Amino acid sequence: MSDGDHEQNGHENVPSRQRRRFEGISSRAYEHPADRSALVALRKLSGFDTVFKALSGLLPERSLRLLFLSDSVRVSDAQFAHLNAMLRDACYILDLEKVPPMYVTQDPQPNAMCIGLDEPIIVVTTGLVELLDEEEMRAVVGHEVGHALSGHAVYRTILLFLTNLALRVAWIPLGNLAIMAIVTALREWFRKSELSADRAGLLVGQDLKASMRGLMKLAGGNHLHEMNVDAFLAQAEEYEAGGDLRDSVLKILNTLPRTHPFTTVRAAELKKWAESRDYQRIMDGHYPRRSEDKDTSVSDSFRQSASSYATEVKNSKDPLMKLVSDIAGGAGDLGGRVRRGFGGFASPSSPKDQAAPKDQPPGDSAPGDEN
């Protein structure tokens, strides 16, 4: 896209480097497989939109819109003009025809969100605006526009409502358990939707370094001179592979209440996707179109999701995931491996524990071997 294109479309305040515009792109192009399968299934449900519109009277959406309108700053050509240019540019790159309203709200905590049932609205905090430079912020705005294009705003609003409802009915044991079960499932989807939106942010900015810097700043603040991308990504590697089965369980417990994946994990996932064939195909102009969304198969989407999870488990270096992979592969001496995984309850001098299983399948490393 040339500078002349920027001027013709009202996008004068954009990077001088050339970037690709993805005309008619479907959100399926960048969605994480688990996110995509859930969305395809929901979109295919007969009457789903009607049900959620009926719920709109119960949800605090109108209250939220009035709150931001009355107590935040609406982005426009007259207010936060540079953010308005980024927003319009992101919508142009992802070919989102209707530009969602965007607000800046006073909050020192760096954060951004896209919510709404009828129409998405984007909210960014002053803490985020002050933390990020222009290209880092462009990736964040693209991230939120990606949420809008995917239709995430609807389900994120539902999650906010159910989370608040769970707090109100916490004194009712069964009621709270039922709601929290739904909230837990939605949070798992929510975390995957964040990985999808990170990819959308990269498609908008088309600057992986800026995306990495933004994630590092979310983790360590505005001290880039004290941080290093490679070292930051090494933390993600250590987090995934380090520890024993106890650490694996703790990771799950730490993750369950979160709506976002851990920042190092997001950085590693985004870098891996940026280096994938899928990303390169999109950049070459080969991607699914929105006009094809109605023909998308739910079963195919679920198969892709299942395949993605299976590959994730197989390639994971996490001790628990490796154990799951070994069980699926029929690895022997399961009891001994579990005992060793939880800190070596079996004596390390035990000959049984020291010897590798005789029926060890090819490619299955013995305890202590590096993969």
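Biologist: Why is Lys209 called exposed?

Modeller: Happy to start there. Lys209 has a relative accessible area of 65%, and exposed means over 50%, so Lys209 earns the word. Please keep in mind that this is a predicted model.

Biologist: Where is Lys209 found, and how far is it from Lys271?

Modeller: Lys209 is part of helix α10. Its C-alpha lies 9.5 Å from that of Lys271, with the two positions 62 residues apart in sequence numbering.

Biologist: What makes Asp207 a cap for α10?

Modeller: A side-chain oxygen of Asp207 sits 3.2 Å from the backbone nitrogen of Lys209. A polar contact needs a pair of N or O atoms within 3.5 Å, so this pair qualifies, and Asp207 caps the N-terminal end of α10.

Biologist: How do you know that the span of α10 agrees with its number of residues?

Modeller: Helix α10 covers residues 208–220, which is 13 residues. The expected span is 1.5 Å times one less than the number of residues, so α10 should span 18 Å, and its end C-alpha atoms are indeed 18 Å apart. Just after α10, Gly221 has a positive phi of about 80 degrees.

Biologist: Which residues of α10 are buried?

Modeller: They are Ala210, Ser211, Met212, Gly214, Leu215, Met216 and Lys217. Some of these meet Glu136, a residue of helix α7 (residues 134–150). Leaving aside neighbours within four places in sequence, Glu136 is in contact with residues including Ala210, Gly214 and Lys217.

Biologist: Glu136 has a charged side chain in my textbook. Why is Glu136 called buried?

Modeller: The word rests on accessibility alone. Buried means under 20% relative accessible area, and Glu136 has 1%, so Glu136 is buried. Other contacts of Glu136 include Leu131, Arg213 and Leu224.

Biologist: What makes α5 a largely enclosed helix?

Modeller: Of its 13 residues, 10 are buried, so the rest of the structure largely encloses α5. Among them are Leu83, Met86, Leu87, Tyr92 and Ile93, but also Asn84 and Asp89.

Biologist: How do you know that the span of α5 agrees with what is expected?

Modeller: By the rule of 1.5 Å a residue, its 13 residues should span 18 Å, and its end C-alpha atoms are 18 Å apart, so the two agree.

Biologist: What does α5 give to the largest nonpolar core?

Modeller: Helix α5 (residues 81–93) gives 7 residues, the most of any element. That core has 48 residues, and Phe22, Leu83, Val124, Met137, Val145 and Leu203 touch the most other members. Met137, for one, touches Leu83 and Met86, along with Val124, Leu128, Val129 and Leu132, when residues up to four places away in sequence are left out. Nonpolar side chains in soluble globular proteins do tend to be buried together.

Biologist: What makes the phi of Phe80 and the phi of Asp95 worth a remark?

Modeller: Most residues other than glycine have a negative phi. Phe80 is not a glycine, yet its phi is positive, near 50 degrees. Asp95 is not a glycine either, and its phi is positive at about 55 degrees. Phe80 lies in the loop between β1 (73–74) and α5, while Asp95 is in the loop between α5 and β2 (102–105).

Biologist: Why does Phe80 get one accessibility label and Asp95 another?

Modeller: The cut-off for buried is under 20%. Asp95 has 17% relative accessibility, so Asp95 counts as buried. Phe80 has 30%, so Phe80 counts as partly exposed.

Biologist: Why is Arg289 called partly exposed?

Modeller: Partly exposed is the range between under 20% and over 50%. The relative accessible area of Arg289 is 29%, so Arg289 belongs there. Arg289 lies in the loop between α14 (277–283) and α15 (298–315), and its side chain reaches the backbone oxygen of Tyr287 at 2.9 Å.

Biologist: How do you know that Arg289 meets residues remote in sequence?

Modeller: Arg289 and Ile25 are 264 residues apart in sequence, but their C-alpha atoms are 4.7 Å apart. Arg289 also touches Glu23, Gly24, Ser26 and Arg28.

Note on methods. Residues numbered from 1 in each chain as written. Predicted model: local features only at pLDDT ≥ 70, side-chain atom pairs only at ≥ 80, totals over all residues. Heavy atoms only, no water. Helix = DSSP H or I, 4+ residues; strand = E, 2+ residues; numbered from the N terminus. Buried < 20%, exposed > 50% of the residue type's maximum accessible area, 1.4 Å probe, protein only. Polar contact = N/O pair within 3.5 Å; in protein donor to acceptor, adjacent residues only side chain to side chain. Core = buried A, V, L, I, M, F, W, Y, C linked by side-chain atoms within 4.5 Å. Contact = heavy atoms within 4.5 Å.
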